[in-house]
Structures are given as C-alpha cells and as structure tokens.
Amino acid sequence: MTAKTHRMNTNALIAATVSSILLAACAAAPQIPAGAAQARSKLTQLRSDQELATRAPVAIQEADAAVRAAETPQKDEALGAHRVYIADRKVDTAWALAESRLAEDQRAALGADREGARLDARTREADAAKLAAAASAAESAELQRQIDELQAKETDRGLVLTLGDVLFESGKAQLKSAAAGNLNTLVMFLNNYPNRTVLIEGYTDSVGSDDYNQGLSSRRAESVQAYLVGQGIDRGRLTASGLGESAPVSDNESATGRQLNRRVEVIISNPDLASR
Amino acid sequence: MNVTSQDRRGGSRWHAPLAVAGALMLAACASTPPAPTASLQAAQQAIATAERAEAGNYAAGELAEARAKLASADTAVNEKEMVMAERFADESRANAELASAKTSAAKAKAVNDEMKLSTGTLIEEMERSSGATP
C-alpha cells in the first residue's frame, strides 16, 4: 500500500514537472507590453508640469488607469499592444485638454493686458493731441506775430505786404536801403514757411504813359524779386509782374493818393486756403 | 440484473445533461458572437463630435486615424472577428477624442495668440506714435 502510494506521488510529481515545463515552453512568461514605459513616462512628465497637472484631473486619472492596464504583464501580445495604443492616446488627450484649459485660464490675464494697453494708448493719444493742440496754438501765435511784424494784411488772396513808394528811388526801380528791414522780415517768414509762394505785383499812379508805368511797375516788382533771390529764396516760389496803373488803391487826384498808388504788393499765398 | 438496470439508469441520468451541454456549446461555437455595438456607437459619436468641432482643420491626422480604425472595426464585424472589432472601435474612439482635445487646445491657443498679437500691435503703435512726437 505504501509502495503504491509512493509510486503514485512520484508519478504525479513527474507529471506536474513535465506539464509545467510544457506550459512554460508553450506560453512564454507574461511580459509588460512594449511601449507601456513610454506612455508612463509621458504621463509622469504631464503630472510634473506645474501648469498642466492640475488642469485636467479627470482626463489624467483616466490616462493613469489606461497606462496601468497597459503596464500589466500580458501573454496576449495583440491585447498588450491594444492597451498601449489606448494608453498613449489617453495620455495625449489629457495633455491636450490640460493645455486647452491652461490657455483658457490665461485668457483673463491677456484680456487685462490688452485693456491696459488700450487704456495706455488712449491716454497717450489724448496727451499727444493736447501737445499737438498746444504746438499748433503756439505755431499760429508765432505766425500771427510774424504777420504783425511784416505789417501784412490778411486778404482772400493771402497775406498782402505793401511796399510803399518811399522804399524806391523816385521814378526808378532801385530799392532804397530802408526797404531791407521790411524785406528781411519777409525773407525770415518765407524761410520759416517754405510751403508758401509769393506773388510780387508792381503798381503805379496814372501820371505818365501806360507803357512807361507798365515798365516801371514791372521793374520794381522784379527788383523786389531779385532782392529776395539774393537773400536765398528759391526763384521758383516767386512770381513778379507789373500791373501799371490798372489797380489804384487810392485816388490819383491828390499827391497823397498818388503816392499810395505807387507801390509793390507782395502777396504771400496761404497753402491752407489753397488746399481747401 | 438489478445492478445492471440501475447502472443503465444511472448512465442515462448522466448522459442526458452532458449531451445538452455539448449541444449548447456547439451551438455557441457555431453561432456568431454579438457585435460590439456599444463600442462601435461610441466611436461613431466621438468622430461626429470631433467633426463638429472642425477637427479636420486642427487634428487631421488623429481624425483620419479614428475613421480608419472605425472602418477596420466594421470590416472585423463582417468577418465575425468580434474581439478585434471591439479593439478597433475603442482605438477609433480614443483617436477621435484625442482629435477633439487637440482641436480645442489649438483653438484656445489661437484665440490667445490673436489677443497677444493685438496687444503687441497696440503697444508697438503706441511706441511708434510717441516716438514720432518728441
């Protein structure tokens, strides 16, 4: 009886050993599927990112479960590969969702930045406008002062500066030295306002022939033009013409009237008016 | 005689359930296992959701893979490979959900980039205009 039992036990042992060897040979030991480690390391990276880790907790949890499933040693290679595939996508999905949430959370700050910049821009614009207004006020004040200095009149044609007969030698076109002061103010003005052009028109009284008066008025206008060119004003800005006795500003009966009619008018164009 | 008849009775008592079970098992083997309907539907829905979010513009690769996996799942169903069909369906859904997530991240970033750009433009314009007027 004892011998029989022993024999049976031995047989059982042999059978068990053989079968276990067979089993081991047939199905290799279960292995952790390839790629599971990469999914795990990606998930660890996501979790260690301060900005992202807290922003998609549910998705990260799901990804963790999928990674753990992928890491389970698996005899079925196809199933292992499938689990790795799912884990990889779940980790990527959690990552993208966290990034999406992060972007949304940053938006409030970006909005505040933009509002701040807008406010700054508006403030600066207002400041610039104030500065520009002050500058333009100062500019027009300066222009007025210079016009006053020129003793010019503002007319529809522009600023009109009248050079009287007394500035010319009697019956001649030659400018007297006294004219220099007045004309130098004009030169300064033209240098300050380089957009402005000038019409120089000579006039006479009615004494003498038309031809003579025409000639004299032309020569006087050209004399003024020559002086201005001599002072550095571009000739292109200056147009001289003689208009003779055609446009008296006073009567030709009295000596004072005639003296007023003998004159050169310098008309300074107003580019602002011209452009309107 | 008694013993034999008892034996025969006992034998028939055992053989009948075995035969039924065997028939059932055979029937189970022969008949098609059910298709993974739930997984297939979930994948289809996930793809539809991604498409509505215009994932084609932001995560075209993932969306294409989701569609391809769904097609594979359908093929597997036709070939009665239901285990494979379910895996393909689940992989399709995982890709579709990834496509949706990437799309929402890309959209959110695009909005932020636009905001940053316009703020930058504002600041740039401001600096330029303040540089022009001393």
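**Close-up 1. Salt bridges hold the spotlight where chain A meets chain B, with four of them found across the interface.** This is a predicted model, and one pair to look for is B:Glu114 with A:Arg114, whose side chains meet in a salt bridge at 4.0 Å, N to O. A:Arg114 turns up again in the area count: together with A:Tyr85 and A:Leu110, A:Arg114 is among the residues of chain A that lose the most area to chain B.

**Close-up 2. Here's the wider interface, with 26 residues of chain A in contact with 26 residues of chain B.** The two chains bury about 2400 Å² between them, and carbon and sulfur atoms carry 64% of that. On the chain A side, A:Tyr85, A:Leu110 and A:Arg114 together make up 23% of what that side buries. If you're wondering about the choice of number, the size of an interface is often given as the accessible area lost when the parts come together.

**Close-up 3. Chain B is built from five helices and zero strands.** Follow the sequence and you get α-α-α-α-α. Of its 134 residues, 31% count as buried. Take the contacts in chain B with a separation of 6 or more: 73% of them come from residues 24 or more positions apart. The accessible surface of chain B is about 8500 Å², and 59% of that belongs to carbon and sulfur atoms.

**Close-up 4. Strand E5 of chain A, residues 263-268, is mostly covered, with six of its six residues buried.** In a regular strand the side chains alternate between the two faces of the sheet. In E5(A), A:Arg263, A:Glu265 and A:Ile267 sit on one side, A:Val264, A:Val266 and A:Ile268 on the other, and both faces are covered. So what joins up with this strand? Strand E2 of chain A (residues 158-164) runs antiparallel to E5(A) and is joined to it by six bridges; look for A:Leu159, whose bridge partner in E5(A) is A:Ile268. Strand E3 of chain A (residues 198-203) is also antiparallel to E5(A), again with six bridges, and here A:Ile200 has A:Val266 as its bridge partner.

**Close-up 5. Helix H3 of chain A covers residues 57-71, 15 residues in all.** From first C-alpha to last, H3(A) reaches 21 Å, close to the 21 Å expected at 1.5 Å a residue. Its buried residues are A:Ala59, A:Ile60, A:Ala63, A:Asp64, A:Ala66, A:Val67 and A:Ala70. What do they pack against? The buried residues of H3(A) pack against two helices of chain A, H2 (36-48) and H4 (77-150).

Terms used. Residues numbered from 1 in each chain as written. Chains lettered and ligands numbered in written order. Predicted model: local features only at pLDDT ≥ 70, side-chain atom pairs only at ≥ 80, totals over all residues. Heavy atoms only, no water. Helix = DSSP H or I, 4+ residues; strand = E, 2+ residues; numbered from the N terminus. Expected span 1.5 Å × (residues − 1). Buried < 20%, exposed > 50% of the residue type's maximum accessible area, 1.4 Å probe, protein only. Contact = heavy atoms within 4.5 Å. Pairing = 2+ DSSP bridges. Areas by Shrake-Rupley, 256 points an atom, 1.4 Å probe, with all protein chains shown as cover. Buried area = accessible area lost by both parts, 1.4 Å probe.
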